[in-house]
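Visitor: I should like to learn how to read a protein model. May we go through one together, feature by feature?

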Amino acid sequence: MSAIEPLIDLQDIDSQIRDLEREEKDIPRRQAQERARLAGVNTSLSSAKEQLDALLLRIRQTEAEAADRREKVRQMKIQQASLKTNKEFQAYTMQITGIQQEIDALDARQIAAMDERPQAEARVREAQAKADADKGGVDEFCGELGERLAAVKEELAALRARRKEAAAAVPQNFLRYYERLRTKRWPAAVRLNRECVCEGCHLVQPPSVEQMVQRGGDNIVACTMCGRLLYREPGF
Ligand SMILES: [Zn+2]
């Protein structure tokens with residue numbers, strides 16, 4: 001068995017570890033994205049509720065203002081009955097007419113506001129339904145992601161244990177070279193193909209490199225350009 005074989009096994013494990021580590025980092029990010037989206041939906045709901053509340057307040061206020069004025073007119077009419085002069089009587093009539101016009105305007109505003117009410121209520125119902133549906137969907141999705149994350153962590157723990165054994169089987173000089181290189185180049189060990197090209201950086205290697213790769217053994221053979229460990233599969 002050449003020295004490169006246990007190294008390739010180690011690299012396979014590292015490859016799986018890298019993928020899982022990426023997923024481990026990615027899952028909380030995706031969960032946060034989902035929750036942020038849900039927060040956006042909830043904002044639409046609060047905005048629809050605020051609009052409805054403002055409308056209801058307007059209706060109540062207009063109603064109260066109109067009621068105040070009606071009461072005022074009622075009292076003025078009582079006072080008017082006891083007035084002595086025609087002039088005073090006419091002055092009261094004019095004031096009452098003015099207030100009556102205000103009441104008409106308030107009533108018209110109230111009718112307009114009440115016409116808006118069913119639409120405003122429908123918007124709240126729609127926003128509420130969407131928020132409820134999204135919350136259910138997001139909860140479920142985030143739950144699934146959470147389960148996947150737990151599985152990823154378990155797989156990672158198992159792989160890291162396997163990695164220790166696999167690393168112990170690699171000759172020291174190969175292991176040191178590989179550990180240094182793998183943080184900068186990935187994969188760190190690549191095939192030298194039939195055309196004598198490094199499959200990492202695609203540079204054609206000189207015949208001497210091919211001969212060394214062919215021979216295998218305990219010597220590290222690296223690409224003259226990118227420094228990756230070169231190997232050929234048995235029987236290649
Ligand atoms: Zn190369």
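**Reading the model step by step**

Guide: Let us begin with the domains of this predicted model. The C-alpha centres of domain 1 and domain 2 lie 60 Å apart. The assignment places domain 1 at residues 6–169 and domain 2 at residues 175–231.

Visitor: How many residues does each domain give to the contact between them?

Guide: Domain 1 contributes 6 residues to the contact, and domain 2 contributes 8. On the domain 1 side, the largest share, 5 residues, comes from α1. That side divides into 3 nonpolar residues, 2 polar residues and 1 charged residue.

Visitor: In what order do the elements of the protein run?

Guide: One reads them from the N terminus on, and here the order is α-α-α-β-α-β. In total there are 4 helices and 2 strands.

Visitor: Why is the protein described as more spread out than a compact globule?

Guide: One compares the radius of gyration with the value from the globule rule. For 236 residues the rule gives 18 Å, whereas the radius of gyration of the protein is 41 Å, well over that value, so the protein is more spread out than a compact globule. Its C-alpha atoms fill a box of roughly 130 × 35 × 25 Å along the principal axes.

Visitor: What percentage of the residues count as buried?

Guide: Burial is judged by counting neighbours around each residue. In this protein, 11% of the 236 residues count as buried.

Visitor: Which residues of the largest nonpolar core touch the most other members?

Guide: They are Leu7, Ala189, Leu229, Leu230 and Tyr231, in a core of 16 residues. The elements that give two or more residues to this core are α1 (4–81), β1 (189–191) and β2 (229–231). Alanine 189 also has contacts away from its own stretch of sequence, among them Ile4, Leu7, Tyr178 and Leu229.

Visitor: Where is the cis peptide bond?

Guide: For this feature one looks at the omega angle. The cis bond joins tryptophan 186 and proline 187, with omega about -5°. Proline 187 is found in the loop between α3 (172–181) and β1.

Visitor: Is cysteine 196 exposed or partly exposed?

Guide: Cysteine 196 counts as partly exposed because it has 15 C-beta neighbours inside 10 Å. Its phi is near 65°, a positive value in a residue other than glycine. Histidine 202 also has a positive phi, about 70°, although it is not a glycine. Histidine 202 lies in the loop between β1 and α4 and is exposed, with 12 other C-beta atoms within 10 Å.

Key: Residues are numbered from 1 along each chain as its sequence is written. This is a predicted model: local features need pLDDT of at least 70, side-chain atom pairs count only at pLDDT 80 or more; totals for chains, interfaces and linings use all residues. The radius of gyration is taken over C-alpha atoms; the globule rule is 2.2 Å times the number of residues to the power 0.38. A residue is buried if 20 or more other C-beta atoms lie within 10 Å of its own, exposed if 12 or fewer, and partly exposed in between; C-beta atoms are placed from the backbone. A nonpolar core is a set of buried Ala, Val, Leu, Ile, Met, Phe, Trp, Tyr and Cys residues joined through C-beta atoms within 7 Å. Two residues are in contact if their C-beta atoms, placed from the backbone, lie within 7 Å. Domain bounds come from an automatic or database domain assignment. Ala, Val, Leu, Ile, Met, Phe, Trp, Tyr, Cys and Pro count as nonpolar, Asp, Glu, Lys and Arg as charged, and the others, Gly among them, as polar. Lists of a residue's contacts leave out its neighbours within four places in sequence.
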